[in-house]
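Good morning, colleagues. Please have the sequence and the structure in view while I go through one strand and then one interface.

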Protein chains: 2
Amino acid sequence: MSKKNDTDKLLVFALGGVGEIGKNMYVVQYADDIVVVDAGLKFPEEDMLGIDIVIPDISYLLENRDKVRGIVITHGHEDHIGGLSYVLKELNVPVYGTKLTLGLIEGKLKEAGLLGETRRELINADSQIELGNIQVSFFKTNHSIPDSVGVCLDTPEGSVVHTGDFKFDYTPVNGQYADLQRIAGIGQRGVLVLLSDSTNAERPGYTPSEKNVGEALEDLFYKAPQRVVVATFASNVHRVQQVIHAAEATNRKIAVVGRSMVNVVSIASELGYLHVPEGMLIEPEEVNKLAADRVVILCTGSQGEPMSALTRMARSTHRKVDILPGDTVIIAATPIPGNERYVGRTVDELFRLGAHVVYGPGSVSGVHVSGHGSQEELKLMLNLIKPKYFIPIHGEYRMLRLHAQLGEDVGIDRSHIFVLENGETVEFRDGDARRGSKVQAGNVLIDGLGVGDVGNIVLRDRKLLSQDGILVVVVTLSKQEGMILSGPDIISRGFVYVREAEGLLDEAGKIVTGTLNRLMNDKVNEWASLKTSVKDALGRYLYEQTRRRPMILPIIMEV
Amino acid sequence: MSKKNDTDKLLVFALGGVGEIGKNMYVVQYADDIVVVDAGLKFPEEDMLGIDIVIPDISYLLENRDKVRGIVITHGHEDHIGGLSYVLKELNVPVYGTKLTLGLIEGKLKEAGLLGETRRELINADSQIELGNIQVSFFKTNHSIPDSVGVCLDTPEGSVVHTGDFKFDYTPVNGQYADLQRIAGIGQRGVLVLLSDSTNAERPGYTPSEKNVGEALEDLFYKAPQRVVVATFASNVHRVQQVIHAAEATNRKIAVVGRSMVNVVSIASELGYLHVPEGMLIEPEEVNKLAADRVVILCTGSQGEPMSALTRMARSTHRKVDILPGDTVIIAATPIPGNERYVGRTVDELFRLGAHVVYGPGSVSGVHVSGHGSQEELKLMLNLIKPKYFIPIHGEYRMLRLHAQLGEDVGIDRSHIFVLENGETVEFRDGDARRGSKVQAGNVLIDGLGVGDVGNIVLRDRKLLSQDGILVVVVTLSKQEGMILSGPDIISRGFVYVREAEGLLDEAGKIVTGTLNRLMNDKVNEWASLKTSVKDALGRYLYEQTRRRPMILPIIMEV
């Protein structure tokens, strides 16, 4: 599937991240030099039964492994770094990232046993690095995690700008301003192609500032008569900082609960991205020693994840923290599509415990804003960069298309805009662009330790099993004597509860016996025919009786 | 679980519909007379694998079958009528409903073979019926299906008012005004307890009028350069009427596509709830004979349901209708929580086909409004009825609690408000109310034809099977000789793809052999021990190697 490249052209494509939210991985190749931007994971869709995570298919990179100069990481979110250790296991190349980003990556590499052998290069917004023919520089952006950058890749064919994930927040927390001057300067020097974040291309207007959330939090903390529980994304260090500010302003102490929240608070304070006043943090065990209106519990679980701290508290199964009547629980996040029901159930349980719950879309609750720019911000980026060509990235197909429309609206010629699927390439040569051939791209499904071994057949079987279960039919035959020696024994898992379905299963057994006897009388005794006939006869009978189609697994033994 | 009742008290409770959206069934019992309001279904939650629908547990009604005087239906939505044929199969009582409601019910009864034996009683907003000691009357409401009513049940203990599903729409389509005068009159006569719809208790303000949608549709029809495709809920006859109006105003013809849309259009026109101008409807096959700007395709699939008309068109697998570049597709519905991803995927496919798509929350798209009243309308109902007691119904627990708060806000004493779980009763006697004992209530899960036979064990097995599949291990032993005669044969379904995992399965086989030989050497030969040991040893090995836990089913045969 991969193609030979001439030595004088630029190739830009995604191995993940277009036509989907997640597993971001973009490739910029000039001649024999490849730079990869990001290496993310995606969480499984609902039909990927039993799958833990999904990562990009990197066959193209493996086939061109001698050309890959490095992986540049824009920021430390899972959809940008979560696939990294899987990629590095097969492709040992240097990784470039800012301080917090590398801090978060190091934890993952340590877990995967790759920390020692991976070359990690610290960059900041002023770094300039040379990766073969490609000069890479950076610019600060606003996003829902500190130390996020956009990337400018200067090639002999022209400049490629990748925005990373961004919004424009004019009053950011902790002073991480988007570097408008530098972005404008890059635009002024001339940009061949812009790759820009499409997450909020469906949303009109501007995304509000993270500062708004801080004010809303402080207000809620003041009013809360008893304890305050705040659940948010662990990686949203800005949000965590504002919880700390609000706690300080209202004279409360904070207990941090939930593994990933504890982890991020520790890494981010260590690296200087989170400022925690002396004596502000208490242990969860100490919560009950303080007056209720002196306490904040900061935790994970804003998406209703089954094993998270907030979910456990809501179900009264958390080891250390109970929700008490009169507590104020603030869910400082909007449910990600697909998680609404989980969040809803958590809120229900919290209400049952007598808590006052602040929840719902950020526009209603006031305690969440998106980390991605809305339509007007996307247009601002397009206007600052003024690219010749435009490739919307980081979004479902509809978002890419709407973002493409915004590109047209600000004056980019329709023929200069490329909406891509993963693996579809754009070739630039002598200032012109055209669609190139497709490279291999797709989902690699990871279940447990295995990589790549959960294919369509396994998934199809899981789907069938999940719908109506399985019936195993065991029979021992003597083909010589043409008779059944033992069985049929029928074992049901996930089809019917045996004690309640004895009649049905007895009858099923008779059908198996009848089918086999008839075939043996007719001297049909190839295994395949016997098995197929048993499956067909039994399947038909069970469907008639129950309108269900369990998987049927005949095990016919011969003695 | 059911309780003996004294003969002089009123009992009110839900068998379904509180703490959930769906399977509405409310019970009003005075002395020996029981009136049931609604008999709905619920669609399965994501952990109810393989389940088709969920209906209420009606044990209480069956135990008191001689007291049940009838089932009154408020309107024809599935969450109010979808459980009816299951209930009537076990409890043959009269059913009361308005014309359209009965029309929709009759289709269901016919399918279930119950049409002949079911007494169906047509009511209208002016009907008065006596069901034992309970006098039942009705009032018109606005909702997203015509012929919706609220119910007033006058008992010797006082009046119970059940709102049904409602909003207040001052400019309704087809003139179905909510009867404010009658509702106010009922309030003026004095109401003991109000049961009121909580669906939109989380939403501030007022729900916009259905008329707004009509205007938005007409506007879009005018602007559309080519064909218009509109997907909406089949049962929303008002919406369908507005599509017809907009088509008329813009000189377009309508092709109706999708089984339930065809069905509802036919029943509703026949019964006079839908007014279709002569010559307006065309067959789907005729679409291509007309100019593109003269066509509207009205179809199902607004929730991205996999088998629906719109989903098939979007995937280019519909037999009769293709989406063409330049078509305008209007999704006139907000995704129900849980369906966002399905709708998103449909929109993506439509974009890929080159369609212009109008979608998203009604507040953004303008082509959908809710059929349920928001907070201000809920307060209006509370103010019109001025009940002594208040039971919020029809909603998830959080919605009931927020509705209860609205009740307090308008002046109902907190001790007069009851937030219930299904089966929790309120007893009224001599004008006082208190919580009574609990009656049996719960979910009955229906998979195929069976009723009640998919219990926790079957669901747990399906869950396990869906995660990591199953391994069947077949061995034939001679216990006498203490040796394995054949096998172990290992069959994988949904665990690994056998061709890619030969090494793993070979090793697994050796572990089974080793385990069995060791046990037989030790003269352990009870079936149970052999099976458990094989399961444990194999499970441990596979988890170490793969971090997965397939179900393991050892089949050990003895000869």
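How many bridges join strand β1 of chain A to β2(A), and do they run parallel or antiparallel? The answer is six bridges, and the two strands, of which β1 covers residues 10-16, run antiparallel. Before I continue, I should state that this is a predicted model.

Within that pairing, G16(A) stands opposite M25(A) of β2(A). On the strand's other pairing, five bridges join β2(A) to strand β3 of chain A, residues 33-37, and here too the arrangement is antiparallel. One pair of facing residues in this case is V27(A) and V36(A), the latter belonging to β3(A). β2(A) and β3(A) form a hairpin, with two residues between them. In the turn, A31(A) has a positive phi of about 50°.

Let me turn to the environment of β2(A). Why can we call this strand largely enclosed by the rest of the structure? Because six of the six residues in β2(A), residues 25-30, are buried. In general, the side chains of a regular strand alternate between the two faces of the sheet. For β2(A), both faces are covered. On one side we find M25(A), V27(A) and Q29(A), and on the other Y26(A), V28(A) and Y30(A), all of them buried.

A brief remark on chain B. L11(B) lies in strand β1 of that chain, residues 10-16. With a relative accessible area of 1%, L11(B) falls under the 20% cut-off and therefore counts as buried. L11(B) and I123(B) are 112 residues apart in sequence, and their C-alpha atoms are 25 Å apart in space.

I come now to the interface. Here 63 residues of chain B are in contact with 63 residues of chain A. The two chains bury about 5,400 Å² between them, with 55% of that area on carbon and sulfur atoms.

What polar features does the rule find across the interface of chain B and chain A? There are 20 residue pairs in polar contact, and the rule also finds 14 salt bridges. One salt bridge joins the side chains of R548(B) and D447(A), at 3.3 Å from N to O.

Several elements of chain B each supply at least two residues to the side that touches chain A, including α13, α14, α16, β24, β25 and β26. The largest share, nine residues, comes from α10(B). By residue class, this side of chain B divides into 26 nonpolar, 15 polar and 22 charged residues.

Thank you for your attention.

Terms used: Residues numbered from 1 in each chain as written. Chains lettered and ligands numbered in written order. Predicted model: local features only at pLDDT ≥ 70, side-chain atom pairs only at ≥ 80, totals over all residues. Heavy atoms only, no water. Contact = heavy atoms within 4.5 Å. Buried area = accessible area lost by both parts, 1.4 Å probe. Salt bridge = Lys/Arg side-chain N within 4 Å of Asp/Glu carboxyl O. Polar contact = N/O pair within 3.5 Å; in protein donor to acceptor, adjacent residues only side chain to side chain. Helix = DSSP H or I, 4+ residues; strand = E, 2+ residues; numbered from the N terminus. Nonpolar A, V, L, I, M, F, W, Y, C, P; charged D, E, K, R; others polar. Buried < 20%, exposed > 50% of the residue type's maximum accessible area, 1.4 Å probe, protein only. Pairing = 2+ DSSP bridges.
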